[in-house]
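Student: I have a sequence and a model in front of me. Can we work through the fold step by step?
Tutor: Yes. Ask short questions, and I will reason from the coordinates.

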Amino acid sequence: MKKLVVSLIILVSTNHFLFAQEQNIQVSGDIKVGANIVSSIDLITVQSMTFGNVQPGQQELYVNPINSINAGFMIATGNPEAAFRLTYLPEIVLTQVDGTSTLTFMYEISGNSIENQSTSELLDTENRSIQFSLEGRYYFWIGGRINITNAVPGNYEGDFTIEIDYI
């Protein structure tokens with residue numbers, strides 16, 4: 001995005017300069033260009049979160065991100081040993097695909113610098129410092145809870161956004 005903006009500025013300045021030469025007016029100027037090159041962070045979804053079948057009378061579905069095989073699994077890759085900050089909204093509203101009903105889902109995320117779910121720790125929404133491993137990896141397990149007491153049968157969908165920024 002920054003390269004596109006820089007190219008656009010140079011193009012506009014060059015066109016202005018050529019137009020000015022056609023009228024025998026000399027124009028000069030300096031263009032200073034600066035850029036911050038930051039390595040990217042990639043987030044790879046390995047497994048989506050799943051729920052088991054709902055039992056009669058069940059009021060809540062819960063996927064524990066630390067020990068459930070139904071937890072979603074993601075791997076973030078970045079600069080080895082670099083610190084980063086994780087931000088996400090812990091609550092989203094799911095909307096019924098073929099209707100107007102909604103459900104509220106409360107996310108829980110656990111993370112670990114090694115690929116071991118059982119030793120991962122819960123990550124809250126505070127902007128805390130987390131660090132990539134020596135290999136430049138960090139592992140996330142996604143879970144959460146949803147109250148289905150008043151749920152209308154159907155399919156529900158919603159978007160969950162995770163932001164990861166170098167510190």
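Student: Among contacts between residues at least 6 apart in sequence, what percentage join residues at least 24 apart?
Tutor: Keep in mind that this is a predicted model. Take the contacts between residues at least 6 apart in sequence, then pick out those that join residues at least 24 apart. Their share is 78%.

Student: Which pattern of helices and strands does the protein follow along the sequence?
Tutor: The protein has one helix and eleven strands. Read along the sequence, the pattern is α-β-β-β-β-β-β-β-β-β-β-β.

Student: What percentage of the residues are buried?
Tutor: Buried means under 20% relative accessible area. The protein has 167 residues, and the buried ones make up 29%.

Student: Which strands sit at the edges of the open sheet of three strands?
Tutor: The order in this sheet is β8-β4-β11, and the pairing is antiparallel. An edge strand pairs on one side only, and that describes β8 (129-131) and β11 (162-166).

Student: How many degrees does the twist average from one strand to the next in that sheet?
Tutor: The sheet in question is open and runs β8-β4-β11. From one strand to the next, its twist averages 40 degrees.

Student: Which residue in β8 is the bridge partner of Phe-84?
Tutor: Strand β4 covers residues 83-88 and pairs with β8 in the antiparallel sense. Three bridges hold that pairing. In β8, the partner of Phe-84 is Ile-130.

Student: Is Ser-133 buried or exposed?
Tutor: Ser-133 lies in the loop between β8 and β9 (137-147). Beyond its neighbours within four places in sequence, it contacts Pro-80, Glu-81 and Ser-113. Its relative accessibility is 9%, so Ser-133 counts as buried.

Student: What is unusual about phi of Glu-81, and what is its value?
Tutor: Glu-81 sits in the loop between β3 and β4. Most residues other than glycine have a negative phi. Glu-81 is a residue other than glycine, yet its phi is positive, near 65 degrees.

Student: Where does the relative accessibility of Glu-81 place it?
Tutor: Buried stops under 20%, and exposed starts over 50%. Glu-81 has 45% relative accessibility, so it counts as partly exposed.

Student: How many Å separate the C-alpha atoms of Gly-78 and Ser-39?
Tutor: Gly-78 is in the loop between β3 (72-77) and β4. It counts as buried because its relative accessibility is 18%. Not counting residues up to four places away in sequence, Gly-78 touches Ser-40, Phe-132, Gly-136 and Tyr-166. Ser-39 is 39 residues away along the chain, but the C-alpha separation is 7.3 Å.

Student: Which residues of β2 point to one face and are buried?
Tutor: Strand β2 spans residues 60-63, and its side chains alternate. Glu-60 and Tyr-62 point to one face and are not buried. The other face has the buried pair, Leu-61 and Val-63.

Student: Which residue in β9 stands opposite Tyr-62?
Tutor: β2 and β9 run antiparallel, joined by four bridges. Opposite Tyr-62 stands Arg-145.

Student: How far apart in space are Met-74 and Ser-48, C-alpha to C-alpha?
Tutor: Met-74 lies in strand β3. It counts as buried because its relative accessibility is 13%. Leaving aside neighbours within four places in sequence, its contacts include Leu-43, Val-46, Tyr-139 and Ile-162. Ser-48 is 26 residues away in sequence, and the distance in space is 8.6 Å.

Student: Is Ile-69 buried or exposed?
Tutor: Ile-69 belongs to the loop between β2 and β3. Its C-alpha is 9.8 Å from that of Trp-141, 72 residues apart along the chain. Its relative accessible area is 75%, so Ile-69 is exposed.

Student: Which strand gives the largest share of the lining of the largest pocket?
Tutor: The largest pocket holds about 440 Å³ of space. Both β5 (91-96) and β6 (102-112) supply at least two lining residues. The largest share is three residues, and it comes from β6.

Student: How many residues in that lining are charged?
Tutor: The lining has 18 residues, and Phe-51, Leu-61, Leu-103, Ile-146 and Tyr-156 lie nearest the centre of the pocket. By class, 13 are nonpolar and five are polar. As for charged residues, there are no such residues in the lining.

Note on methods:
Residues numbered from 1 in each chain as written. Predicted model: local features only at pLDDT ≥ 70, side-chain atom pairs only at ≥ 80, totals over all residues. Heavy atoms only, no water. 1 Å grid on protein atoms, 1.4 Å probe; cavity = no way out; pocket = protein on both sides within 12 Å on 5 of 7 lines; lining within 4 Å. Points joined across faces, edges and corners; volume = space filled by probe spheres on them. Nonpolar A, V, L, I, M, F, W, Y, C, P; charged D, E, K, R; others polar. Pairing = 2+ DSSP bridges. Axes fitted to C-alpha atoms, helices over the stretch in contact; angles between N-to-C directions. Buried < 20%, exposed > 50% of the residue type's maximum accessible area, 1.4 Å probe, protein only. Contact = heavy atoms within 4.5 Å.
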